[in-house]
Amino acid sequence: MKIQAHIIYSCGLSGILFFIIQSWLISVSTFISGILIDIDHLVDYFINEKQIKFDIKDFFYKCENNKLLTAVLPFHSYEFILLLILISYFVKDSILTGISIGFSIHLLIDVIAGVVKKVIKIQNYSILYRGFVLKFQYSKTFYFSQND
Ligand SMILES: [Zn+2]
């Protein structure tokens, strides 16, 4: 999903959250984390480029046009989100709670959008599945309908 869509729904979600729970810290951290979770695409971009490189135009071009070789995407995984929720449950920190909400909703929207558009299977959002079964290969993670 494109960043503009994530900004729009994160804004709406954090507004609704603020209306319900009246916490600026949770609302703002939900908004920011709902967008910044996509920073993990940099991991695959750096692997693809074989260096740490910050060419924003090239980064967005390669991400949006499926020019990457790997799909490690550590934050886009059920396992990471579950761990984050568990930690925030025990730590009870407003910012961590907001990050958990932002990351969880972002992943949920990515999963629904990807499955509806038929560009990814639901199990491909498991980092263990991506690693052990798909070997983190981008072409096996996305666009399964063209590859199967
Ligand atoms: Zn995403």
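**Exercise 1. Work out how helices α3 and α4 pack, and what meets at their contact.**

Step 1. In this predicted model, α3 covers residues 41–49 and α4 covers residues 56–64; their axes lie 11 Å apart at an angle of about 100 degrees. Helices here are DSSP runs (H or I, at least four residues), numbered from the N terminus. Axes are lines fitted to C-alpha atoms over the stretch in contact, and angles run from 0 to 180 degrees between N-to-C directions.

Step 2. Now name the arrangement: α3 is roughly perpendicular to α4, a label for angles of 65 to 115 degrees.

Step 3. List the partners. From α3 come His 41, Tyr 45 and Asn 48, and from α4 Phe 59, Lys 62 and Cys 63. Contact means that the C-beta atoms, placed from the backbone, lie within 7 Å.

Step 4. Sort them by class: the contact of α3 with α4 has 3 nonpolar, 2 polar and 1 charged residues. Ala, Val, Leu, Ile, Met, Phe, Trp, Tyr, Cys and Pro count as nonpolar, Asp, Glu, Lys and Arg as charged, and the others, Gly among them, as polar.

A note before going on: residues are numbered from 1 along each chain as its sequence is written. As the model is predicted, local features need pLDDT of at least 70 and side-chain atom pairs count only at pLDDT 80 or more, while totals for chains, interfaces and linings use all residues.

**Exercise 2. Describe the packing of α1 and α6 in the same way.**

Step 1. Helix α1 (residues 3–21) packs on α6 at about 135 degrees, with the axes 11 Å apart.

Step 2. The two helices are therefore oblique to each other, the label left for angles outside the ranges under 35 (roughly parallel), over 145 (roughly antiparallel) and 65 to 115 degrees.

Step 3. Residues of α1 in the contact include Tyr 9 and Leu 13, and those of α6 include Ile 105 and His 106. By class, this contact has 6 nonpolar, 4 polar and no charged residues.

**Exercise 3. Place Lys 92 and decide whether Lys 92 is buried or exposed.**

Step 1. Lys 92 sits in the loop between α5 (78–91) and α6 (94–116).

Step 2. Its phi is positive, about 55 degrees, although Lys 92 is not a glycine. Most residues other than glycine have a negative phi.

Step 3. Lys 92 counts as exposed because it has 8 C-beta neighbours inside 10 Å; the cut-offs are 12 or fewer for exposed, 20 or more for buried, and partly exposed in between.

Notes:
Two residues are in contact if their C-beta atoms, placed from the backbone, lie within 7 Å.
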